Amino acid sequence: MKKIHLMWFRQDLRLIDNQALTAAVEDKDAQTVAIYIHTEAQWDKHETSMGARAFVARQLQSLDAELRELNIPFYVLESTDFKASLKLLNSFVQMHHVHALFFNKQYEVNELARDKEVHQWINEIDCLAYIADFDDSVLVPPMKVLTQQGEMYKVFTPFRNAFLKVLTEQHLRVSKAPDKKAENVFVLDGQFESLVISCKDLVQYYEKNTCQSILENLPKVSETEAINSLRVFCTEHAAKYDEVRNFPYQDKTSRLSAYLVHGLLSPRQCVRRLMMVHPNVFNEPKSGAFCWLNELIWREFYKHLIVAFPFLCKHQPMIEWTKNIEWRNDMSLFDAWKEGKTGYPIVDAAMRQLNQTGWMHNRLRMVVASFLVKDLLIDWRLGESYFMSKLVDGDLAANNGGWQWAASTGCDAAPYFRIFNPTSQSEKFDEEGHFIRKYVPELAKLSSSTIHEPFAKNAPFGLNYPKPIVEHKRMREQTLAAYEKAKSFG
Ligand code: FAD
């Protein structure tokens, strides 16, 4: 009987450059079997959006077909919750005499604790000879980019400089998809049959529960589509990324975030492709290509931070005194923000983009986050959680980092006294008002000089659009006072 190697897919739903999968199939004398454990309750707890679930379900279906082609059996198993999924995996390993277990690390605090428990099985399960885990979702493993004092950086630029020194060819090695295996004779033990969910059913279930406009706007789901989008971006847009990335209507950012979050692409593939098209990217810090690389390093920064400071996963601020801020938390204002009815056109257009498509442009994420926290004095955690409930690319580390940046509570955050003016942001980054017109049709007929602030500039009589729910200037003062008071408490 052949040894069984079990590949446990999590947020790494791809065949190419998947470090755990590559290692699992390496031993020719072993037979590889793959599983994914679907846990609805865990998703609820993490506020994963319906769009993200539909995206993952579609990718599981695509992965299933690809693995079948390679003769690697793949089972999506249903479990009730986080704890139950561990029990299920444990009995799967024992019942099928799994020789080695392979997975790629996840860095959120609960996931790390879960994996620590899994590692202990090595002493408890006789058949299990070894467990191999990999730092696959990052270019450089967390805690490998440290200050001279051996600590994690709290400011991005020195982190990036040190990161670039640590990064070597080896970190950028991309592995290919597994070759086709000989016919697989693995037989699933009968007790697991009732736990297997068909990918088709999973797709149908989530598509039924996801609103149509989100489904229509999901990125095309498959590894090939992800690679194709990466190729097109690097060839056609990366060179000018620095010039266009802040203008939502131009829509010239890569749109790869959902692929990266759910693991249809690895960051190594991104950097490799970028280097293929822009061979000097590392030596041209002023280029568009480097500017994009810089964003990938922000992604790393936030992932490294949640490992160094696990309390971030529990939504605690990095800056201690910001715990003292007295939030106003007016729920009627929060509802207006969520629905895109604040009377600030750029904020409303952005929130409607999020609600309708499950994605929002980075510039607008900063604008709406600043507005929620500093114009409405609403706790950033409410915004963070709302984003997770809507984004298809929702990711704890990046989302928490972005919100703490906007709220001035995090590492290398905007200073608390720097408060975005939503109207000037609108005039600067959507000068002609094209983006606003797309998502706020009530304002479609307004001129570009009126559209950013309709009621201040002679809005047409009977305009069916809310008046501003707060006055920016007044709220700015209130917010500064709230932050200063919190700071004085220390
Ligand atoms: P590009 O501009 O093409 O960037 C390429 C990739 O770099 C992105 O796909 C992403 O993986 C990474 N990246 C870019 N900017 C950042 C950043 N500031 N922080 C971390 N990684 C970055 N990104 C998420 O992936 N998930 C989130 O849940 C998320 N929430 C955010 C919340 C707030 C309040 C803010 C300000 C930013 C958030 N971001 C998040 C970061 C950023 O907005 C998105 O990654 C980006 O808009 C995705 O579009 P893109 O793929 O076209 O990005």
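## Report on a predicted protein–ligand model

Apart from its neighbours within four places in sequence, Phe163 is in contact with Val140, Val145, Ile297 and Glu300. The model in which these contacts occur is predicted. Phe163 sits in helix H6, which covers residues 156-166. One of the contacts, Ile297, is 134 residues away from Phe163 along the chain, yet the two C-alpha atoms are separated by 8.1 Å. Phe163 has 20 other C-beta atoms within 10 Å. A residue is buried if that number is 20 or more, so Phe163 counts as buried.

**The chain as a whole**

The secondary structure of the protein chain consists of 22 helices and five strands. Its radius of gyration is 24 Å, and the globule rule gives 23 Å for 490 residues; the two values are close, so the chain is as compact as a globular protein of that length. Along the principal axes, the C-alpha atoms fill a box of roughly 80 × 50 × 45 Å. Of the 490 residues, 41% are buried. When contacts between residues at least 6 apart in sequence are taken, 78% of them join residues at least 24 apart.

The confidence values come from the predictor. The average pLDDT of the protein chain is 96, and 99% of the residues score at least 70. For the complex, the predictor gives an ipTM of 0.99 and a pTM of 0.97.

**Surroundings of the ligand**

Which residues come nearest to the ligand? Of the 28 residues around the ligand, they are Thr253, Ser254, Ser257, Asn399 and Gly402. Four elements give two or more residues to this shell: helix H12 (257-261), helix H14 (288-308), H17 and helix H19 (396-406). H19 provides the largest share, six residues. Sorted by class, the shell holds 13 nonpolar, eight polar and seven charged residues.

**Two helices and what follows them**

Helix H16 runs over residues 345-357, which makes 13 residues. From its first C-alpha to its last, H16 reaches 18 Å, close to the 18 Å expected at 1.5 Å a residue. The buried residues of H16 are Pro345, Ile346, Val347, Asp348, Ala349, Ala350, Met351, Gln353 and Leu354. Their cover includes helix H15 (331-339), helix H17 (362-375), helix H18 (380-390), helix H20 (422-429) and helix H21 (434-439). H17 therefore appears both in the cover of H16 and among the elements of the ligand shell. After H16 comes Gly358, whose phi is positive, near 80°.

Helix H22 (residues 472-489) has 18 residues, which should span 26 Å at 1.5 Å a residue. The end C-alpha atoms of H22 are 26 Å apart, so the span agrees with the expected one. Gly490, just after H22, takes a positive phi of about 85°.

**Positive phi outside glycine**

Most residues other than glycine have a negative phi. Asp17 has a positive value, with phi near 50°. Its place is the loop between S1 and helix H1 (19-26). Ser408 also has a positive phi, near 60°, and lies in the loop between H19 and H20. Is Ser408 buried or exposed? Ser408 is buried, because 23 other C-beta atoms lie within 10 Å. Asp17 is buried too, with 21 other C-beta atoms within 10 Å.

**Residues in H3 and S1**

Arg53 lies in helix H3, residues 50-69. Arg53 and Gln19 are 34 residues apart in sequence, and their C-alpha atoms are 24 Å apart in space. Arg53 counts as buried because it has 21 C-beta neighbours inside 10 Å.

Lys3 belongs to strand S1, residues 3-9. With neighbours within four places in sequence left aside, Lys3 is in contact with Asp29, Ala30 and His99. The C-alpha atoms of Lys3 and Asp27 are separated by 9.4 Å, and the two residues are 24 apart along the chain. Lys3 has 15 other C-beta atoms within 10 Å and is partly exposed.

The table lists the burial of the residues discussed one by one.

| Residue | Other C-beta atoms within 10 Å | Burial |
|---|---|---|
| Phe163 | 20 C-beta atoms | buried |
| Lys3 | 15 C-beta atoms | partly exposed |
| Arg53 | 21 C-beta atoms | buried |
| Asp17 | 21 C-beta atoms | buried |
| Ser408 | 23 C-beta atoms | buried |

Terms used:
Residues numbered from 1 in each chain as written. Predicted model: local features only at pLDDT ≥ 70, side-chain atom pairs only at ≥ 80, totals over all residues. Rg over C-alpha atoms; globule rule 2.2 N^0.38 Å. Buried ≥ 20, exposed ≤ 12 C-beta atoms within 10 Å, placed from the backbone. Contact = placed C-beta atoms within 7 Å. Expected span 1.5 Å × (residues − 1). pLDDT = per-residue confidence, 0-100. Near = placed C-beta within 6 Å. Nonpolar A, V, L, I, M, F, W, Y, C, P; charged D, E, K, R; others polar.
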